[in-house]
Amino acid sequence: MTIGIIGANSSVGTELCVLLRNAGLRVIPVVRSTLASAPLEAHGFDCRVADITQKSDARDTLADMNTVVIAAYAPPLPPHGRPRQARKVNEALVKHAVEFSAKESEIIYLSSVMAFGDDIYPDYENTIYPQEKQNLEEVTLKATNKTGKTGYALRLGHVNGPTQDWTRNIIDTIEKSEELVIQANSNKFSNIVHSVTIADAVAICHKEEPKSGKYTLVNQPQWSWRDVFEHYSEDTTIKFTNPTASSSTSIIEQVIDPLKNFIESHRTSFIPYMVFLPEKLNDEIIHRYRLEEINEEITSLNSDITFHMHHFDHKPAPGPTLPKLKETHNIIQQEEIIKDLFNLD
Amino acid sequence: MSGRPTRFQVSDNSKRSIGIIGAGNISSRIHLPIIEHLEGTAPTFVADIDQGKARNLANKYNCEAIFLDNNPSILPECDIALIAIPVGVREPYLSELGERRTPVFVEKPFTVDIETHKEYLQTLKQATCNYMRTWYGSTQILRKIVETKMFGMIEGIHIQNGLLGSVGVGPDHYRNNPELAGGGVLMESGCHTLSQIDYVLSEYEINVKEADLEWYGNLDVALDTTFIAGKERDFEITYSLTRLKPMVTQTRFEFENATVEVDHTSASGSPVIKTDDGKDISFEHDSWATSFEQAVYLRWQEFLSALDNNNQPDIDQLTSIRTTELISDIYKAAKKKRN
């Protein structure tokens, strides 16, 4: 049984290749160029060099693959891409993977929690990315449904792993200081997914064939921001400074959040109108602002080094999740195989 | 205190519940927003004699609202209680919490007189008082200067504080009533300054030499007092506090080799140091409070660290028993007494 990974030289694809091979699965990396195959070949992989957007290449390359993971993505925006062209390329990758893979194969499209859009990322500026990911999920599921194959759109959280830039950024920030203040809610779910859990998910789709569909793929169970930073800190004291999230979903709360965003951007002109607002609404607005003022005061007090990423503001991604995923903290040590292979600390 | 409070350690997945007694401004605008930022804590109830206030504030923090009807036994259990009600009505609650062995964070002043203060310390397991000015950068710097004797011995201290102007309270506010407030300007404002003196001169003996109070009805509205302080040698501390006339607010420490002046009421105030040989020196810091809110946050951190790291925190120091003693002594020594 063979797993093909299209875009195997991507940061996620590379780690997947190593982890799945380590799990005893037969992995075939598929890349577009000889150059792209070099690092994988150097570590013992037999790559197939093919342009899957071309039917002939796809036919020759994918015919024996029982599971195809699509880890490739053509960016739709300059400087690397153009929207229409990128959509064509991305759709072709998916459609050809479905058409030319082995009979009754599983097609796994690596989507993103960004596909949830405003539901979890209210201020995300790159609105084309969620749109394109949603489109490719639909293309995957429609195409697999038509051909009787099993299709999965896995909405990956923020990918962490030994070779991921995101992870290195966190580790470097932590290592710079004895005490690090994180401007985040320590208990909030982070939407992080370690590559070991992605590999686990691919293996489950490959072996267990759960029902087709869209699944959220984050660490199991979800790691809080405290879990994430304490995982990477050895000697650094980690502190958090942000109010715990309210779980209230009152009508006032539902009005306040968009109103607050509006007020923030129109503060000077809005404040005079507060004299006309109902007292309860004013009370809530003032309460929210007071929490933020206090947050700023305490943050500036604790500013040995204060670390913030926009990901801290995102809401936890909803499910469903794949069944039978292993707990991430029980399999995280598998990362050592990646570190050993690439001589990382 | 030898530096910033150490990081408050909590066991994984545990939170200390904090019961809020008093739903007034100090709880709603200061303590509860700060508690939201304290790791390992969460408010569990808000109690007040005003049901509406209690409910309104409790709703904002997703906790229970309790209507206080002078029956402190109805208070739910909690790990720490914040006492933010007038000093004149605290006794039943402090007694109840003392019996329950619940640590208490008490708004200033801690109590009305030294005898009551000592009684409370017998019954309370752990307590602190919100003398947050001890965390002001200027207070910390003054303490360092005194401890290290970097400008020599202290020769004298002069403190003055004018509070002429808007008081910001309505006719029914507890501060109009000495039975509720415990006193006037000395209890309300002077306690902070005295807590700073207690903190900076922690190694010194301080006694009231003489005191003069001005009264408006039963509220003291102005104070002139002189203390004698001493360690290796004695010196005088003069303290003038008034609501009756304008006065520049300032503390001046006279050392053998320099003078240090600061507005001790301002969190962001920086000491101005002039040495005898004409040099100006400034201190910068980034560890202590430069705002009221930061100072209260540090006071909470200090208490939580003390609870977590030390089974017997120094309750005399945390509640600043000497501040209460000095206030009591000033009232006793005053030439004019309350009616």
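**Entry 1. Chain B as a whole**

What share of the 339 residues in chain B is made up of buried residues? I looked this up at the outset, bearing in mind that the model is predicted. Buried residues account for 56% of the chain.

I then listed the secondary structure of chain B and found 10 helices and 14 strands. Turning to contacts in chain B with a separation of 6 or more, I noted that 67% of them join residues 24 or more positions apart. The exposed area of chain B comes to about 14500 Å², and carbon and sulfur atoms supply 44% of that area.

**Entry 2. Confidence in chain A**

I checked the confidence values of chain A before reading its details. The mean pLDDT is 86, and 88% of the residues of chain A reach 70 or more. One stretch of chain A, residues 244-249, stays under 50. For this stretch I found 11 contacts in the model beyond four places in sequence.

**Entry 3. Ile70(A) and its surroundings**

I selected Ile70(A), which belongs to strand S4 (residues 67-70) of chain A. Is Ile70(A) buried or exposed? Its relative accessibility is 1%, and Ile70(A) therefore counts as buried.

I next asked which residues Ile70(A) is in contact with, leaving aside its neighbours within four places in sequence. The list includes Ile6(A), Leu93(A), Val94(A) and Ala97(A). It also holds Ile107(A), Ile108(A), Tyr109(A) and Leu110(A). I also took the C-alpha distance from Ile70(A) to Gly7(A): it is 6.7 Å, although 63 residues separate the two in sequence.

**Entry 4. Salt bridges**

How many salt bridges does a search of the whole structure find over all chains? The search gives 29. I examined three of them in turn.

The pair Glu208(A) and Lys324(A) has its closest N and O atoms 3.1 Å apart. Glu208(A) sits in the loop between helix H7 (195-207) and strand S10 (213-217) of chain A, and Lys324(A) in the loop between strand S12 (306-307) and helix H12 (328-331) of chain A, so this salt bridge ties together parts 116 residues apart in sequence. I recorded Glu208(A) as partly exposed, at 44% relative accessibility, and Lys324(A) as exposed, at 62%.

Glu39(B) forms a salt bridge with Arg226(A), with 2.2 Å between the closest N and O atoms. This pair crosses between chains: Glu39(B) lies in the loop between helix H1 (25-35) and strand S2 (41-48) of chain B, and Arg226(A) in helix H8 (residues 225-232) of chain A. Both partners proved to be buried, Glu39(B) with a relative accessible area of 17% and Arg226(A) with one of 16%. I followed the connections further and found Arg226(A), Glu230(A) and Glu39(B) linked in a network of salt bridges.

In chain B, I looked up the salt bridge between the side chains of Arg175(B) and Glu188(B), where the N to O distance is 3.8 Å. Arg175(B) is in the loop between strand S7 (154-162) and helix H6 (178-181) of chain B, whereas Glu188(B), 13 residues apart from it, is in helix H7 (residues 185-200). Arg175(B) counts as partly exposed, at 22% relative accessibility, and Glu188(B) counts as buried, at 17%.

**Entry 5. Cysteines**

How many disulfides does a search of the whole structure find over all chains? The result is zero. I looked at two cysteines individually.

Cys47(A) is in no disulfide, and the nearest cysteine sulfur, that of Cys17(A), lies 7.2 Å away. At 15% relative accessibility, Cys47(A) counts as buried.

Why is Cys191(B) not bonded to Cys129(B)? Cys129(B) carries the closest cysteine sulfur, but that atom is 7.1 Å from the sulfur of Cys191(B), which is too far for a bond. The cut-off that matters here is 2.5 Å between the sulfur atoms. I noted Cys191(B) as buried, at 0% relative accessibility.

**Entry 6. A nonpolar patch on chain A**

Finally, I asked which residues make a nonpolar surface patch of about 410 Å². They are Tyr273(A), Val275(A) and Phe276(A). I located Tyr273(A) in the loop between helix H10 (267-270) and helix H11 (279-301) of chain A. With a relative accessibility of 52%, Tyr273(A) counts as exposed, the cut-off for that class being over 50%.

Definitions and conventions
Residues numbered from 1 in each chain as written. Chains lettered and ligands numbered in written order. Predicted model: local features only at pLDDT ≥ 70, side-chain atom pairs only at ≥ 80, totals over all residues. Heavy atoms only, no water. pLDDT = per-residue confidence, 0-100. Contact = heavy atoms within 4.5 Å. Helix = DSSP H or I, 4+ residues; strand = E, 2+ residues; numbered from the N terminus. Buried < 20%, exposed > 50% of the residue type's maximum accessible area, 1.4 Å probe, protein only. Salt bridge = Lys/Arg side-chain N within 4 Å of Asp/Glu carboxyl O. Areas by Shrake-Rupley, 256 points an atom, 1.4 Å probe, with all protein chains shown as cover. Patch = residues over 30% accessible without salt bridge, like charges linked within 9 Å, V, L, I, M, F, W, Y side chains within 5 Å.
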